[in-house]
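Visitor: Hello! Could you teach me how to read the place where a ligand sits in a protein?
Guide: Gladly, let us look together.

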Amino acid sequence: MEEDKFRALRESMVAQQIEKRGLRNPRLLAAFRKVPRHAFVPAALQYRAYDDGPLPIGKGQTISQPYIVALMTSLLALEGHERVLEIGTGSGYQAAILAEMAQEVHTIERHAPLAERAAGTLARLGYTQVHVHCADGTLGWPQAAPYEGILITAAAATAPKPLLEQLAEGGRLVVPVGDWMGQVLQVWTRENGRYDFESIIPVSFVPLRGKYGFSDEDWARYEEDE
Ligand code: SAH
(Lines give C-alpha, C1' and ligand atoms only; values in the text may rest on other atoms or scores of the structure.)
Protein backbone atom coordinates (compact mmCIF):
# COMPACT_ATOMS: atom_id res chain seq x y z
CA MET A 1 0.00 0.00 0.00
CA GLU A 2 1.17 3.54 -0.75
CA GLU A 3 2.26 5.89 2.01
CA ASP A 4 -0.58 8.33 1.28
CA LYS A 5 -3.09 5.52 1.51
CA PHE A 6 -1.71 4.74 4.99
CA ARG A 7 -1.89 8.45 5.83
CA ALA A 8 -5.57 8.56 4.92
CA LEU A 9 -6.27 5.47 7.03
CA ARG A 10 -4.34 7.07 9.90
CA GLU A 11 -6.32 10.33 9.68
CA SER A 12 -9.55 8.38 9.81
CA MET A 13 -8.27 6.30 12.78
CA VAL A 14 -7.56 9.52 14.69
CA ALA A 15 -10.93 11.08 13.86
CA GLN A 16 -13.15 8.01 14.34
CA GLN A 17 -11.42 6.00 17.06
CA ILE A 18 -9.71 8.64 19.18
CA GLU A 19 -11.23 12.11 18.74
CA LYS A 20 -14.83 10.91 18.47
CA ARG A 21 -14.41 8.94 21.71
CA GLY A 22 -13.50 12.08 23.60
CA LEU A 23 -9.70 12.35 23.53
CA ARG A 24 -9.08 15.83 22.12
CA ASN A 25 -5.65 16.94 23.38
CA PRO A 26 -4.04 18.51 20.26
CA ARG A 27 -0.54 17.17 21.10
CA LEU A 28 -1.95 13.66 21.54
CA LEU A 29 -3.84 13.80 18.24
CA ALA A 30 -0.76 15.18 16.46
CA ALA A 31 1.33 12.27 17.76
CA PHE A 32 -1.19 9.71 16.45
CA ARG A 33 -1.37 11.50 13.08
CA LYS A 34 2.42 11.37 12.80
CA VAL A 35 3.53 7.90 13.97
CA PRO A 36 3.24 5.34 11.11
CA ARG A 37 1.49 2.50 12.98
CA HIS A 38 1.84 0.20 9.94
CA ALA A 39 5.64 0.24 10.39
CA PHE A 40 5.19 -1.50 13.75
CA VAL A 41 3.04 -4.48 12.67
CA PRO A 42 4.08 -7.61 10.74
CA ALA A 43 4.24 -6.98 6.97
CA ALA A 44 1.33 -9.31 6.20
CA LEU A 45 -0.95 -7.39 8.59
CA GLN A 46 -0.07 -3.85 7.51
CA TYR A 47 -3.38 -3.45 5.68
CA ARG A 48 -5.07 -3.81 9.09
CA ALA A 49 -2.69 -1.54 11.03
CA TYR A 50 -5.30 1.22 11.43
CA ASP A 51 -8.20 -1.09 12.38
CA ASP A 52 -10.07 -0.50 15.62
CA GLY A 53 -8.46 -3.37 17.55
CA PRO A 54 -5.27 -5.12 18.68
CA LEU A 55 -3.10 -7.18 16.27
CA PRO A 56 -0.66 -10.07 16.83
CA ILE A 57 3.04 -9.13 16.73
CA GLY A 58 4.65 -12.55 17.38
CA LYS A 59 5.68 -14.45 20.52
CA GLY A 60 1.97 -14.62 21.46
CA GLN A 61 1.95 -10.84 22.09
CA THR A 62 -0.18 -8.04 20.66
CA ILE A 63 0.02 -4.38 19.70
CA SER A 64 -2.82 -2.71 21.61
CA GLN A 65 -5.92 -1.14 20.07
CA PRO A 66 -5.16 2.47 19.00
CA TYR A 67 -7.78 3.93 21.37
CA ILE A 68 -6.27 2.12 24.36
CA VAL A 69 -2.78 3.38 23.46
CA ALA A 70 -4.25 6.90 23.24
CA LEU A 71 -6.17 6.61 26.50
CA MET A 72 -3.18 5.28 28.46
CA THR A 73 -0.94 7.99 27.01
CA SER A 74 -3.45 10.72 27.87
CA LEU A 75 -3.65 9.47 31.48
CA LEU A 76 0.06 10.31 31.91
CA ALA A 77 -0.79 14.00 31.24
CA LEU A 78 2.56 14.61 29.52
CA GLU A 79 3.68 18.15 28.73
CA GLY A 80 6.88 17.42 26.81
CA HIS A 81 9.69 17.72 29.36
CA GLU A 82 9.29 14.31 31.03
CA ARG A 83 11.41 11.19 31.28
CA VAL A 84 9.08 8.22 30.81
CA LEU A 85 9.38 4.46 31.39
CA GLU A 86 7.31 1.86 29.53
CA ILE A 87 7.13 -1.80 30.53
CA GLY A 88 6.28 -4.08 27.58
CA THR A 89 7.84 -2.60 24.43
CA GLY A 90 6.15 -5.16 22.17
CA SER A 91 6.16 -3.59 18.69
CA GLY A 92 7.56 -0.25 19.92
CA TYR A 93 4.46 1.68 18.76
CA GLN A 94 3.49 2.94 22.21
CA ALA A 95 7.12 3.98 22.81
CA ALA A 96 7.07 6.06 19.60
CA ILE A 97 3.86 7.80 20.71
CA LEU A 98 5.46 8.51 24.10
CA ALA A 99 8.56 9.89 22.34
CA GLU A 100 6.33 12.38 20.53
CA MET A 101 4.84 13.54 23.84
CA ALA A 102 7.83 13.51 26.25
CA GLN A 103 11.56 14.22 26.29
CA GLU A 104 13.08 10.80 26.84
CA VAL A 105 11.68 7.26 26.82
CA HIS A 106 13.05 4.08 28.35
CA THR A 107 11.14 0.96 27.36
CA ILE A 108 11.70 -2.61 28.56
CA GLU A 109 10.81 -5.86 26.77
CA ARG A 110 11.53 -9.36 28.07
CA HIS A 111 11.46 -11.13 24.68
CA ALA A 112 14.78 -10.44 22.90
CA PRO A 113 13.40 -10.86 19.32
CA LEU A 114 10.62 -8.35 20.03
CA ALA A 115 13.03 -5.90 21.71
CA GLU A 116 15.40 -6.13 18.74
CA ARG A 117 12.70 -5.67 16.15
CA ALA A 118 11.19 -2.71 18.02
CA ALA A 119 14.61 -1.07 18.48
CA GLY A 120 15.23 -1.45 14.74
CA THR A 121 11.89 0.08 13.78
CA LEU A 122 12.34 2.99 16.20
CA ALA A 123 15.89 3.69 14.97
CA ARG A 124 14.78 3.56 11.34
CA LEU A 125 12.10 6.17 12.10
CA GLY A 126 14.63 8.39 13.89
CA TYR A 127 13.47 7.98 17.49
CA THR A 128 16.92 8.46 19.05
CA GLN A 129 15.33 9.58 22.35
CA VAL A 130 13.89 6.06 22.88
CA HIS A 131 16.08 3.54 24.70
CA VAL A 132 15.00 -0.11 24.36
CA HIS A 133 16.20 -2.50 27.07
CA CYS A 134 15.79 -6.28 27.11
CA ALA A 135 15.16 -7.18 30.75
CA ASP A 136 12.51 -7.93 33.38
CA GLY A 137 10.51 -4.71 33.38
CA THR A 138 8.88 -5.37 36.75
CA LEU A 139 12.22 -4.35 38.28
CA GLY A 140 12.05 -1.05 36.43
CA TRP A 141 15.16 0.67 35.10
CA PRO A 142 16.78 2.28 38.15
CA GLN A 143 19.71 3.63 36.09
CA ALA A 144 17.50 6.40 34.67
CA ALA A 145 14.98 6.82 37.56
CA PRO A 146 13.00 8.71 38.68
CA TYR A 147 10.35 8.92 35.95
CA GLU A 148 7.57 11.49 35.70
CA GLY A 149 5.51 8.89 33.86
CA ILE A 150 5.45 5.07 33.95
CA LEU A 151 3.26 3.00 31.62
CA ILE A 152 2.79 -0.74 32.05
CA THR A 153 1.30 -2.29 28.92
CA ALA A 154 0.70 -5.79 30.32
CA ALA A 155 -1.71 -7.06 32.99
CA ALA A 156 -0.43 -7.03 36.59
CA ALA A 157 -1.93 -8.41 39.81
CA THR A 158 -0.84 -5.20 41.55
CA ALA A 159 1.28 -2.18 40.63
CA PRO A 160 4.86 -3.57 41.00
CA LYS A 161 6.63 -2.07 44.02
CA PRO A 162 9.96 -1.24 42.28
CA LEU A 163 8.03 0.75 39.68
CA LEU A 164 6.11 2.77 42.28
CA GLU A 165 9.45 3.51 43.93
CA GLN A 166 10.94 4.74 40.63
CA LEU A 167 8.07 7.18 40.13
CA ALA A 168 9.05 10.85 40.57
CA GLU A 169 7.25 13.12 43.05
CA GLY A 170 4.14 14.36 41.23
CA GLY A 171 4.50 11.60 38.64
CA ARG A 172 1.85 9.20 37.28
CA LEU A 173 1.91 5.46 36.72
CA VAL A 174 -0.69 3.73 34.52
CA VAL A 175 -1.24 -0.02 34.87
CA PRO A 176 -3.93 -2.60 33.98
CA VAL A 177 -4.61 -4.44 37.26
CA GLY A 178 -6.52 -7.71 37.47
CA ASP A 179 -6.09 -11.24 36.17
CA TRP A 180 -6.85 -13.53 33.21
CA MET A 181 -10.58 -12.58 33.41
CA GLY A 182 -9.83 -8.94 32.73
CA GLN A 183 -8.33 -5.89 34.33
CA VAL A 184 -9.12 -2.31 35.21
CA LEU A 185 -6.85 0.54 34.18
CA GLN A 186 -5.43 2.22 37.29
CA VAL A 187 -3.71 5.60 37.46
CA TRP A 188 -1.33 5.96 40.40
CA THR A 189 -0.01 9.28 41.65
CA ARG A 190 2.78 10.06 44.04
CA GLU A 191 2.36 13.32 45.98
CA ASN A 192 4.57 14.20 48.96
CA GLY A 193 5.64 10.58 49.28
CA ARG A 194 2.01 9.37 49.39
CA TYR A 195 0.60 7.00 46.80
CA ASP A 196 -3.00 7.07 45.62
CA PHE A 197 -4.84 5.50 42.70
CA GLU A 198 -7.97 5.90 40.64
CA SER A 199 -9.68 3.23 38.51
CA ILE A 200 -10.59 4.25 34.96
CA ILE A 201 -12.08 1.54 32.67
CA PRO A 202 -12.07 -2.24 32.18
CA VAL A 203 -9.39 -3.48 29.76
CA SER A 204 -7.87 -6.75 28.54
CA PHE A 205 -4.10 -7.21 28.29
CA VAL A 206 -1.61 -10.07 27.93
CA PRO A 207 0.01 -10.95 31.29
CA LEU A 208 2.95 -9.13 32.82
CA ARG A 209 5.58 -11.77 33.69
CA GLY A 210 8.77 -11.46 35.69
CA LYS A 211 9.59 -11.16 39.37
CA TYR A 212 6.63 -8.91 40.27
CA GLY A 213 4.35 -10.24 37.52
CA PHE A 214 2.32 -13.42 36.98
CA SER A 215 4.13 -16.76 36.94
CA ASP A 216 3.39 -19.05 33.99
CA GLU A 217 1.46 -21.35 36.36
CA ASP A 218 -0.63 -18.50 37.82
CA TRP A 219 -1.94 -17.45 34.44
CA ALA A 220 -2.07 -20.86 32.69
CA ARG A 221 -3.92 -22.62 35.52
CA TYR A 222 -7.07 -20.63 34.80
CA GLU A 223 -6.89 -21.30 31.07
CA GLU A 224 -6.71 -25.05 31.73
CA ASP A 225 -9.80 -24.86 33.97
CA GLU A 226 -12.08 -23.69 31.15
N1 SAH B 1 3.23 -1.62 24.20
C2 SAH B 1 3.28 -2.64 23.16
C3 SAH B 1 2.31 -3.78 23.37
C4 SAH B 1 2.56 -4.51 24.63
S5 SAH B 1 2.09 -6.22 24.68
C6 SAH B 1 3.12 -2.03 21.78
O7 SAH B 1 2.95 -0.82 21.67
O8 SAH B 1 3.20 -2.78 20.80
C9 SAH B 1 2.87 -6.57 26.22
C10 SAH B 1 4.35 -6.79 26.13
O11 SAH B 1 4.85 -6.89 27.47
C12 SAH B 1 4.74 -8.08 25.45
O13 SAH B 1 5.60 -7.82 24.39
C14 SAH B 1 5.43 -8.89 26.55
O15 SAH B 1 6.49 -9.71 26.09
C16 SAH B 1 5.93 -7.80 27.47
N17 SAH B 1 6.19 -8.19 28.86
C18 SAH B 1 5.48 -8.98 29.69
N19 SAH B 1 6.05 -9.07 30.90
C20 SAH B 1 7.18 -8.31 30.84
C21 SAH B 1 8.21 -8.00 31.79
N22 SAH B 1 8.22 -8.49 33.02
N23 SAH B 1 9.21 -7.20 31.37
C24 SAH B 1 9.24 -6.69 30.11
N25 SAH B 1 8.30 -6.95 29.19
C26 SAH B 1 7.27 -7.74 29.55
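**Reading a ligand site**

Guide: Start with the elements around the ligand: β2 (61-63), α4 (93-101) and β4 (104-109) each supply at least two residues of the shell. Keep in mind that this model is predicted.

Visitor: Which element gives the largest share of the shell around the ligand?
Guide: That is β2, with three residues.

Visitor: How many residues surround the ligand, and which are the closest?
Guide: There are 24 residues around the ligand, and the closest are Glu-86, Ser-91, Glu-109, Gly-137 and Arg-209. Sorted by class, the shell has eight nonpolar, eleven polar and five charged residues.

Visitor: Where do N or O atoms of the protein meet the ligand?
Guide: Look at side chain and backbone in turn. In the side chain of Ser-91, an N or O atom is 2.6 Å from an oxygen atom of the ligand. The backbone takes part too: a polar backbone atom of Gly-137 is 2.8 Å from a ligand nitrogen, and a backbone N or O atom of Arg-209 lies 2.9 Å from a nitrogen atom of the ligand. The protein covers 99% of the 600 Å² of accessible area that the ligand has on its own.

Visitor: How do I find the space itself?
Guide: Rolling a probe the size of a water molecule over the atoms shows where empty space is left. Here, the ligand takes up the largest pocket, which holds about 660 Å³ of space. Its lining has 38 residues, with Thr-62, Thr-153, Ala-154, Phe-205 and Val-206 nearest the centre.

Definitions and conventions:
Residues numbered from 1 in each chain as written. Predicted model: local features only at pLDDT ≥ 70, side-chain atom pairs only at ≥ 80, totals over all residues. Heavy atoms only, no water. Near = heavy atom within 4 Å. Polar contact = N/O pair within 3.5 Å; in protein donor to acceptor, adjacent residues only side chain to side chain. Areas by Shrake-Rupley, 256 points an atom, 1.4 Å probe, with all protein chains shown as cover. 1 Å grid on protein atoms, 1.4 Å probe; cavity = no way out; pocket = protein on both sides within 12 Å on 5 of 7 lines; lining within 4 Å. Sits in = over half its atoms within 2 Å of the grid points. Helix = DSSP H or I, 4+ residues; strand = E, 2+ residues; numbered from the N terminus. Nonpolar A, V, L, I, M, F, W, Y, C, P; charged D, E, K, R; others polar. Points joined across faces, edges and corners; volume = space filled by probe spheres on them.
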